[in-house]
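Please open the structure in your viewer and keep the selection tool at hand. The tour below moves from one selection to the next and says what is found at each stop.

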Amino acid sequence: MEPPEPAPRTVASREAYGDPRDDGPSPASPLFALRDVTQERGGTVILRDLTVDLPRTAITALVGPSGAGKTSLLRLLNRLDDPTAGEVSFDGRPITGYPVAALRRRVGFVFQAPTMFPGTVGDNLRVAVELGGAGAGSSAPPMDRVLSAVGLSPDFASLEAGNLSGGEKQRVSLARALMTRPEVLLLDEPTSALDPEVAERLLATVVRLTRERGVAVVMVTHRLSEARRASTHAVMLEGGRLVEAGPTAQLFSAATSERTRAYLASAD
Ligand SMILES: Nc1ncnc2c1ncn2[C@@H]1O[C@H](COP(=O)(O)OP(=O)(O)O)[C@@H](O)[C@H]1O
Ligand SMILES: [Mg+2]
């Protein structure tokens, strides 16, 4: 797969979807800004004093060994969790200032293991709009278009979601997240349960979404080759701490930290 070109827009769904929002874009601010973020769970610190910006770029990869805190960080970005201390900002404003439903329409989350609601693929996509609350339904995109955006034919709408393959379920998860026209998709190891070939196709789909729809992606991955090929920015975590962040090419070719060099040089 070719490395992705810069997206024509990063967070740009306002113009793309003709969906005016109450607060205008703030191009100067990072997409997400974390300041001194600490997260504890049951007395254990799982993210420690994390200060990092996630820029308005096509794909940001969160990398690092298992248990580094990648999923924990991702969950802070649409308030599945709130930090114990510190602040997360989205689009220039503290994330706590957004109504949660509105935030989650703008920032979609795709879980590591695709979970289908009972019923058809169409039911699954409709549920996303219903869960999105007031404001989501009025501008929901046509289902056919969303299915096609994730590489599924319109016929899938009438299929039982539970009967699909792992790769198809992951595509339906992506489609479901797109039903609220998000500006950002948070993907937690979206390819980890897939065979390499299916994983490769899903990754290509994600790259295409960033190009064609201007959706910004923050993606956790432990497949370093995926991060290297698909992401434009990378954030390396270890033991709940930030090790290094920067343009992907720079991290992979000239990381400042010896830890980053060692980790990125490890086998996929
Ligand atoms: N619900 C939880 N309760 C207590 N500890 C947790 C919980 N979820 C994750 N952890 C711990 O937090 C650390 C970071 O986990 P996680 O964010 O899932 O890492 P990663 O996604 O990088 O593998 C790990 O040590 C994990 O055991
Ligand atoms: Mg994880």
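**First stop: the sheet**

Select Leu34, which stands opposite Val88 in strand 4, in a model that is predicted throughout. Helices and strands are DSSP runs, of at least four residues in state H or I for a helix and at least two in state E for a strand, and they are numbered from the N terminus. Residues are numbered from 1 along each chain as its sequence is written, while chains are lettered from A and ligands numbered from 1 in the order in which they are written. Because this is a predicted model, local features need pLDDT of at least 70 and side-chain atom pairs count only at pLDDT 80 or more, whereas totals for chains, interfaces and linings use all residues.

Extend the selection to strand 1 (residues 32-41) and strand 4 (residues 85-90), which run antiparallel and are joined by five bridges. On adding strand 2, you will find seven bridges to strand 1, again antiparallel, and among the residues involved Val37 has Leu50 in strand 2 as its bridge partner. Strand 1 and strand 2 form a hairpin with two residues between them, and Gly42 in the turn has a positive phi of about 50°.

With two strands counted as paired if DSSP finds at least two bridges between them, an open sheet of four strands emerges in the order 2-1-4-5, with antiparallel pairing. Strand 2 and strand 5 (93-94) stand at the edges with a single partner strand each, so one side of each has no neighbour in the sheet.

**Second stop: ligand 1**

Which residues are around ligand 1? They are Arg41, Gly42, Thr44, Ile46, Gly64, Ser66, Gly67, Ala68, Gly69, Lys70, Thr71 and Ser72, where a residue counts as near if its C-beta atom, placed from the backbone, lies within 6 Å of the molecule. Strand 2 (44-54) and helix 2 (70-76) each supply at least two residues of this shell, and helix 2 gives the most, with three residues. By class, the shell divides into two nonpolar, eight polar and two charged residues.

**Third stop: two helices with a buried face**

Select helix 10 (residues 258-265), where Thr260, Tyr263 and Leu264 are buried, meaning that 20 or more other C-beta atoms lie within 10 Å of their own, against 12 or fewer for an exposed residue, with C-beta atoms placed from the backbone. Seen down the axis of helix 10, the buried residues fall within an arc of 95°, so they line one face of the helix. The face turned away from that side carries the exposed residues Glu258, Ala262 and Ala265. What covers the buried residues of helix 10 includes helix 8 (224-230), strand 9 (233-238), strand 10 (241-247) and helix 9 (248-254).

Move next to helix 4 (residues 121-131), in which Val121, Asn124, Leu125 and Ala128 are buried. Down the axis of helix 4, the buried residues fall within an arc of 95°, so they line one face of the helix. Helix 5 (143-149) and helix 6 (166-178) are included in what covers them.

**Last stop: confidence**

Colour the model by pLDDT, the predictor's confidence in each residue, from 0 to 100. The protein chain averages a pLDDT of 87, and 87% of the residues score at least 70. Confidence is lowest in helix 1 (residues 13-17), at a mean of 35, and highest in strand 4, at 98. Where pLDDT is low, the predicted coordinates should not be read in detail.

Technical notes. Ala, Val, Leu, Ile, Met, Phe, Trp, Tyr, Cys and Pro count as nonpolar, Asp, Glu, Lys and Arg as charged, and the others, Gly among them, as polar. The arc is that of the directions from the helix axis to the C-beta atoms. Two residues are in contact if their C-beta atoms, placed from the backbone, lie within 7 Å.
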